[in-house]
Amino acid sequence: MKNCVILLFAILFCFFSVQADDKLTAEELITKHLDSIGTKEKRLSIKNQLAIGASEFAVLSGVRINISGKGVIVAENRKIFFGVNYNSPAYPHEKISFDGAKVSIAFINPGNRSAFGNFILNHKYIFSEGLFGGCLSSSWSLLDVAGRNGKARFGGKKKINKKEFYVLEYSPKRGSDANIKFFFDTKTFHHIRTEYRMNYSAAQGIQSSNAQGRSVDNSSRQSESRHTLIEEFSDYSLENELNVPHNYRIHLLLEGRETSEFEWKFQFSSFLFNQNLDPRSFDVDGE
């Protein structure tokens with residue numbers, strides 16, 4: 001009888017734990033996530049933030065390319081700059097910024113942007129709405145959901161590679177053409193992954209960039225296309241009393257008449273906070 005009572009309590013505990021997980025609100029999940037970064041006082045004390053480290057770029061489709069270089073993410077208030085430098089004539093650099101008013105994307109050579117640059121050109125809200133870079137950026141949208149007028153909805157749990165995560169479905173103030181989901185560790189509440197998924201019918205088409213040569217979105221014009229951007233964050237540890245990811249991965253998959261797949265990896269080794277930034281830090285020559 002005693003064993004049966006213990007078993008019954010164990011079953012009830014598991015049941016109510018599941019029920020509690022199912023009833024977790026978007027606001028509660030965001031609060032737990034923000035607390036996982038640092039105290040409210042510490043978060044509010046951060047005026048700007050820089051992450052600097054090694055970067056590797058790879059083309060995963062067609063002719064394979066692997067190159068190494070350096071990468072940086074700089075953010076202040078709602079401004080953000082993302083840059084990489086590679087020792088490669090084909091892909092010398094990437095420079096994308098939001099200066100608080102407009103998103104600018106540099107050409108990698110005269111008249112041409114990279115695949116990622118063209119992708120962001122068609123989905124500028126990823127930068128302007130504070131989505132890009134997660135908590136690697138002090139402009140991270142979840143730091144001020146109310147101020148940004150974004151809409152967040154708790155999406156339950158989802159398994160990825162046999163591990164379970166809390167899901168937050170997010171829509172920017174002006175909406176988007178993407179299904180956007182944030183994924184959080186169920187124990188630490190660290191932000192682990194962001195997914196942007198876009199599906200286009202052949203009739204829809206996508207705004208074309210003004211770059212010369214093949215655009216990222218050309219394949220969508222004659223056939224149905226699916227575009228997926230995934231950001232992954234790992235190796236969280238303290239920097240200036242804030243828990244930040246030191247490993248960062250960007251994966252871009254463009255499926256249509258042709259398929260293109262790209263990957264950027266970063267290992268950030270230096271974090272700087274509350275620096276005297278040059279106002280030109282968010283200037284990029286581009287649209």
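Trainee: Why is Lys162 called exposed?

Mentor: Lys162 has a relative accessible area of 81%, and exposed means over 50%, buried under 20%, and partly exposed in between (1.4 Å probe, protein chains only), so Lys162 counts as exposed. This is a predicted model, in which local features need pLDDT of at least 70 and side-chain atom pairs count only at pLDDT 80 or more, while totals for chains, interfaces and linings use all residues. Residues are numbered from 1 along each chain as its sequence is written, and side-chain values use heavy atoms, with hydrogens and water left out.

Trainee: What makes the phi of Lys162 worth a remark?

Mentor: Its value is near 70°, which is positive in a residue other than glycine. Most residues other than glycine have a negative phi. Lys162 is in the loop between S6 and S7, and so is Asn161, whose phi is near 50° and also positive.

Trainee: Is Asn161 buried or exposed?

Mentor: Asn161 is exposed, because its relative accessibility is 74%.

Trainee: How do you know that S6 and S7 pair?

Mentor: Strands (DSSP E runs of at least two residues) and helices (H or I runs of at least four) are numbered from the N terminus. Two strands pair if DSSP finds at least two bridges between them. Eight bridges join S6 (residues 151-160) to S7 (residues 163-171), and the two run antiparallel, so the pairing criterion is met. Phe154 has Leu168 in S7 as its bridge partner. S6 and S7 form a hairpin with two residues between them.

Trainee: Which strands continue the pairing from S7?

Mentor: Six bridges join S7 to S8 (residues 179-185), again antiparallel, with Val167 partnered by Phe183 in S8. S8 then pairs with S9 in the antiparallel sense over six bridges, where Phe182 stands opposite Thr194. The hairpin of S8 and S9 has five residues between the strands, and Phe189 takes a positive phi near 65° there. Eight bridges join S9 to S10, antiparallel as well, and Asn199 stands opposite Arg226 in S10.

Trainee: Why is Thr228 called buried?

Mentor: Thr228 has a relative accessible area of 9%, so it falls in the buried class. This residue is in S10 (residues 225-239). Counting contacts as heavy atoms within 4.5 Å, Thr228 touches Tyr196, Arg197, His251, Leu252 and Leu253, apart from residues up to four places away in sequence.

Trainee: What makes H4 mostly covered?

Mentor: Seven of the eight residues of H4 (residues 115-122) are buried; among them are Phe116, Phe119, Ile120 and Leu121.

Trainee: How do you know that Ser114 caps H4?

Mentor: A side-chain oxygen of Ser114 lies 3.3 Å from the backbone nitrogen of Phe116, at the N-terminal end of H4. A polar contact is a pair of N or O atoms within 3.5 Å; within protein, one must be able to donate a hydrogen and the other to accept it, and residues adjacent in sequence count only if both atoms are side-chain atoms. The 3.3 Å distance is therefore inside the limit.

Trainee: What makes S9 mostly covered?

Mentor: S9 (residues 191-200) has seven of its 10 residues buried, which meets the same under-20% cut-off residue by residue.
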